[in-house]
Amino acid sequence: MFSYDMFNTLMDSISSFLSHGANIILFMIVLPLIWGIIGWLLKKNYLLQLAVVVLSSTINILFALSLYLSKGFYVTFPFASSGLDIAFNIYKFSALFLMFIAIGFFLVTLYGTAFLRNEKHAGIFLLYMYISLAILNGAILSDNLGVMLFFWEGLLCTLFGMLVTNNEQKPRAAVKALVLSGTADLLLMLGIIITVYRAGTPFISQMGKLSITGVSTVGFMCMMLGAIGKAGCMPFHSWIPVAAGDAPVPFMVAFPGAIEKLLGIYLAVRIVIDIYDFRSGSISSIVIMVIGTLTIIFAVAMALIQKDMKRLLSYHAISQVGYMVLGIGTALPIGIIGGLFHMLNNAIYKSCLFMTAGSIEKQTGTTDLKKVGGLGKRMPITMICFMISGFAIAGLPPFNGFFSKELIFDAALESHLIFYLGALLGAFMTAVSFLKMGRAAFSGPLKFPENSPGKLASGKNGFHESNISVRESDIGMLLPMVIMAFLSIIFGIINTLPLDKLLGSALGYNKTYSGWPHSMLLVVVSFIILGLALLDHIYGYRKTGSAINAADHIHYAPLLKNIYNAAEKQWFDPYNHLMYVVNGFSTFCTLVERSISWVYDYGAVKIVEGAGNLLHRLNNGSLSRYLFAAVAGVAGIVVIFLVVLL
Amino acid sequence: MRVIDYITVSFLVVPIIIILINNLLSKHIAKRISFYLVGAAAVLQIAASVADFFLLPYYKLHEYKFTLLWNIDNPDSEYFAVNSLSLVILFCIGFVTFISVLIAKHTIDRKKVSYVNLLMTLIFGMNGMLIVTDLFSLYVFLEIVGISSFVLIALFKSETGLEGSFKYLVMSSLASIFVLTGLAFVFMHVGSLQYENISKYILSGHGSSRLYLMYAGMILLIAGFATKSGAVPFHSWLPDAHQSADTAISVLLSGIVIKVAGVYGLIILSRLFDGIPAVNLTLLVMGTVSIIVGALLALKQDHFKRIVAYSSVSQVGYMLLGVGAGGTLGLLGAVTHIFNHATFKCTLFSNAAALHEQTGTLDINDMGGLHEKMPVTGFSSVTAFLSTAGIPPFSGFWSKLLIVMALWMNDFKVFAGIALFSSIFTASYFLRLQKKVFFGKVPNKYEYVKEIGGSIKYAEIFLTIIMIAVGLAFPLALLYLKGRGIL
């Protein structure tokens with residue numbers, strides 16, 4: 001029989017196998033690449049792709065699990081010079097993230113494969129996903145900041161690649177994502193350079209804790225901005241809503257939903273606990289918290305007025321990062337663990353929400369809330385998953401989002417009241433927007449566009465008008481959704497498992513943060529906020545008569561209306577301002593380049609031509625002139641001799 | 001007698017024997033075998049120089065001294081000598097002669113016997129210059145080289161040939177006057193023209209005192225040899241002479257004669273007058289001016305061979321820079337550049353011969369797109385261009401690198417910078433040439449032009465392989481020289 005001991009022995013042997021030689025590189029980084037190439041070559045073969053995904057993910061989860069259960073080890077691979085050694089540090093925290101990634105990757109890729117069933121991009125999607133997996137594994141394992149940066153930048157490539165494959169003619173989102181993420185990465189690179197210079201070593205495990213003073217402040221802020229920028233925090237966010245319009249849902253599930261947050265928050269936590277001596281109440285802490293709070297409020301305010309599911313969710317993807325950044329920025333253990341827990345929860349429910357949006361898109365061909373409605377009867381499982389995730393994101397007990405938000409509220413209140421109020425405002429608007437979206441999509445009379453692809457999906461029993469219907473998605477898409485929703489509940493009810501068993505022990509915290517929030521006051525305030533959100537929704541619904549317009553009274557409120565108008569004209573989009581600067585700079589460079597070109601194209605040519613013509617005219621074939629030149633040459637030599645000798 | 005004795009003597013004996021055979025045979029037979037005779041002489045020379053080069057370390061000799069015909073009993077009068085430097089140049093002579101014959105097979109069909117006689121005289125003169133050990137003998141052989149060159153240029157009695165030859169004759173006479181007067185001045189002070197005696201005289205410190213006639217002698221000698229090498233401002237004869245001669249003869253003149261008659265003379269002078277900064281500075285200034293002026297003039301020409309001739313002026317400048325830099329490295333750079341320049345100049349003149357044979361013209365404005373029609377010629381020409389411009393990994397890169405390194409290490413950093421910078425000029429005039437001849441659109445009249453066949457094609461292939469192979473294997477050659485203690 002299979003027993004726990006056998007399982008332990010298996011895990012031990014796998015982890016000791018991985019710790020030998022270059023096995024860890026081969027199996028955690030090279031192997032995913034090979035899987036990806038296999039998946040790519042399979043192109044449209046759905047069943048084989050499914051098999052590849054299940055098999056490879058199982059293996060990957062086993063590896064990650066064995067690393068998590070092992071005592072941890074440190075391997076180095078000498079490379080060119082000593083500063084470039086590839087060093088992998090496997091310990092509780094990094095192995096825990098490997099495990100999250102392995103599980104998340106499995107669900108996301110499974111969903112994506114099912115979503116892209118028989119579509120043109122199915123193969124290339126798998127390839128990019130597996131490359132991303134290899135990169136993520138490498139980035140998480142790296143102890144050398146330079147090597148980590150290498151992997152980190154690699155993720156930018158797959159991000160760009162995925163956005164481009166879907167929209168090759170006009171890769172608007174891809175360019176925007178590249179510019180903004182690239183800027184964040186540039187900041188990270190700068191920060192890493194400063195940090196390595198200050199620490200005198202590129203290896204995180206040897207750095208100790210650098211104090212944040214002088215140049216180090218710049219290094220810390222640059223690294224932190226790079227990390228949270230990757231996670232999608234303001235001001236590096238504005239590509240996500242654009243991508244929501246252009247990219248397929250599996251991309252949204254994978255990148256803004258899960259992968260980028262995992263990696264970004266992982267690094268942010270590493271920075272504040274391992275690299276820098278980050279203290280509560282310091283200037284840098286306040287700056288980070290302000291960034292977090294602003295992100296929460298502005299992004300969720302934008303989410304409130306969206307009428308498209310994917311766009312709405314993408315703004316929430318930004319706003320939720322704000323909570324994590326706020327939590328980590330408090331520099332309090334409760335805030336850091338709250339931020340991490342929120343990241344984990346967000347990856348679960350946000351993926352699930354994007355997946356439900358994807359299911360609806362697959363069936364009706366659109367995610368525009370004006371065109372769909374009443375889908376709850378046709379897609380009950382999807383609706384239940386949406387509700388669970390929606391409750392979780394709104395912060396309703398006993399779902400996971402409630403507990404992580406309470407931790408962050410606690411930390412924010414301990415720092416300053418203003419941050420707490422900001423976070424509460426965010427929570428209010430989150431609840432309002434999800435009430436609106438859920439009611440608009442699932443309740444009321446059934447409605448969907450005439451040309452829904454559901455028609456085709458049901459077409460296998462012959463093509464009949466009566467078959468035009470929207471129905472539940474197939475198992476490959478439902479399964480990840482259900483697992484995610486289930487995890488939302490599990491992580492809420494048994495929150496000691498993620499909080500104490502996984503995160504707390506990995507961070508080395510002795511105190512327990514699990515269980516019901518200890519401050520009853522905070523819970524009461526949260527409930528009041530949720531109640532207010534419900535009242536607001538009912539007021540809006542009564543006023544306009546439809547769920548979709550339930551938030552219009554906020555949208556068109558005096559003063560707010562003007563701000564929203566400005567936001568919709570993209571006045572607040574940092575990308576546009578960045579582009580003004582970039583365009584100005586490029587105009588300047590063009591001028592400089594033109595003038596240099598002029599020197600090469602005209603100036604230098606004219607000089608050379610003039611000299612050539614002059615010499616050419618002097619050599620006119622007259623012997624007397626040649627003899628004169630020779631004598632002049634002798635005179636020249638005489639002059640040189642005289643100059644040297646005298 | 002040892003093996004090396006026989007081999008070394010052959011440098012002087014073989015040309016004389018070939019002349020004898022060529023003239024003793026009946027005209028009819030001589031016409032048929034004359035090219036083979038030259039080819040045999042070239043191969044023998046190549047073999048002899050290579051064998052000697054490797055025999056020198058075998059006999060543990062730095063310099064092999066020998067005599068010929070007279071004063072055999074007197075051990076003090078060993079007035080011939082070969083060393084690694086002269087052996088490399090002797091090898092180049094054999095090499096260029098061989099290429100010249102390959103081209104001559106296509107281009108020369110009358111006066112073959114005279115061509116062979118004169119060619120052998122020329123080689124005899126050049127070999128003699130390289131193995132003598134006193135300045136006066138050097139001068140005598142220099143005159144042999146000069147006179148045979150005049151006649152070779154004018155051999156076919158074309159109008160331009162006669163004009164070019166006449167200009168060369170006038171300028172050479174001037175050079176002879178310079179050299180002879182210079183020798184007289186030096187002799188007045190030293191009392192001997194033996195290299196050893198002059199070196200001793202300079203080293204003993206007399207050189208630094210104010211002996212104006214001695215300096216005047218140096219100036220005149222430098223001017224004389226500079227005229228022969230075609231350095232600016234003594235270059236005026238060179239383009240006319242090289243352009244108007246038959247291509248088989250241009251190869252010789254541009255490929256080796258200017259280097260033996262001019263650059264080698266300057267190498268000897270720089271070694272004799274070692275430690276006199278004015279000599280080095282003169283060579284450096286002359287070299288720099290040659291590089292730039294030669295390149296600028298090449299940029300304005302429209303005749304294929306004239307561009308290549310001006311390119312010789314420019315490349316001689318590099319050799320002068322190497323010589324002027326002084327030290328073993330500079331000398332090595334100069335000698336390597338002599339060899340490399342011989343290869344790519346041979347290639348370019350082979351291209352010229354091929355183009356002239358196939359299209360009937362050498363005006364580059366008339367041509368275009370010939371790369372498609374003549375792939376071997378085009379490829380070898382581009383290789384030669386890249387090598388001349390000093391693009392790694394072709395052979396020319398290494399010699400230029402050595403020269404620039406030598407300049408830098410001997411604290412002539414300004415000249416090193418100029419040498420590097422003026423590579424752009426080399427690239428520019430050759431790019432213009434390549435673009436106009438081999439790229440672009442093929443004119444209608446050359447629609448049916450074909451690749452050249454026979455010996456010129458083989459010469460082009462052979463030279464291209466050498467340029468690439470030398471470029472790739474040059475680090476090994478440097479290692480070998482280091483092993484022999486030369487570097």
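Biologist: Why is Asp411(B) called exposed?

Modeller: Asp411(B) has 10 other C-beta atoms within 10 Å. A residue is exposed if 12 or fewer other C-beta atoms lie within 10 Å of its own, buried if 20 or more do, and partly exposed in between, with C-beta atoms placed from the backbone. The count of 10 meets the limit for an exposed residue, so Asp411(B) is called exposed. This is a predicted model, in which local features need pLDDT of at least 70, side-chain atom pairs count only at pLDDT 80 or more, and totals for chains, interfaces and linings use all residues. Residues are numbered from 1 along each chain as its sequence is written, while chains are lettered from A and ligands numbered from 1 in the order in which they are written.

Biologist: Where does Asp411(B) lie, and what is the sign of its phi?

Modeller: Asp411(B) is in the loop between H16 and helix H17 (413–421) of chain B. Helices (H or I, at least four residues) and strands (E, at least two) are DSSP runs, numbered from the N terminus. The phi of Asp411(B) is positive, about 65°, although the residue is not a glycine. Most residues other than glycine have a negative phi, and most peptide bonds are trans. Lys60(B) also has a positive phi, near 55°, and is placed in the loop between helix H2 (27–58) and strand E1 (63–66) of chain B.

Biologist: What makes Lys60(B) exposed?

Modeller: Lys60(B) has 6 other C-beta atoms within 10 Å, a count that satisfies the limit for an exposed residue.

Biologist: Which peptide bonds of chain B are cis, among them the one that leads to Pro233(B)?

Modeller: Val232(B) and Pro233(B) are joined by a cis bond with omega of about 5°, and Pro233(B) sits in the loop between helix H8 (212–229) and helix H9 (237–244). The bond from Pro392(B) to Pro393(B) is also cis, with omega near 5°. Pro393(B) belongs to the loop between helix H15 (375–389) and helix H16 (395–409).

Biologist: Why is H10(B) called roughly antiparallel to H13(B)?

Modeller: Helix H10 (residues 247–272) and helix H13 (residues 327–359) of chain B pack at an angle of about 165°, with their axes 8 Å apart. Axes are lines fitted to C-alpha atoms, for helices over the stretch in contact, and angles run from 0 to 180 degrees between N-to-C directions. Angles over 145 degrees count as roughly antiparallel, under 35 as roughly parallel, 65 to 115 as roughly perpendicular and the rest as oblique. The angle of about 165° therefore makes H10(B) roughly antiparallel to H13(B).

Biologist: How do the residues of this helix contact divide by type?

Modeller: Twelve are nonpolar, five polar and two charged. Ala, Val, Leu, Ile, Met, Phe, Trp, Tyr, Cys and Pro count as nonpolar, Asp, Glu, Lys and Arg as charged, and the others, Gly among them, as polar. The contact includes Lys259(B) of H10(B) and Lys345(B) of H13(B).

Biologist: What makes Tyr68(A) buried, and which residues does Tyr68(A) touch?

Modeller: Tyr68(A), in helix H3 (residues 46–69) of chain A, has 24 other C-beta atoms within 10 Å and is therefore buried under the limit already stated. Not counting residues up to four places away in sequence, Tyr68(A) touches Ala95(A), Leu96(A) and Met99(A); two residues are in contact if their C-beta atoms, placed from the backbone, lie within 7 Å. The C-alpha atoms of Tyr68(A) and Leu98(A) are separated by 8.1 Å, although the two are 30 residues apart along the chain.

Biologist: Which residues of H19(A) are buried, and against what do they pack?

Modeller: In helix H19 (residues 496–507) of chain A, Pro498(A), Leu499(A), Leu502(A), Leu503(A) and Gly504(A) are buried. They pack against helix H4 (92–115), helix H13 (333–364) and helix H18 (475–493) of chain A. Just after H19(A), Gly508(A) takes a positive phi of about 80°.

Biologist: How many residues does each chain bring to the contact between them?

Modeller: Chain A gives 21 residues and chain B gives 23. On the side of chain A, H24(A) supplies the largest share, 14 residues. That side divides into 16 nonpolar, five polar and no charged residues.
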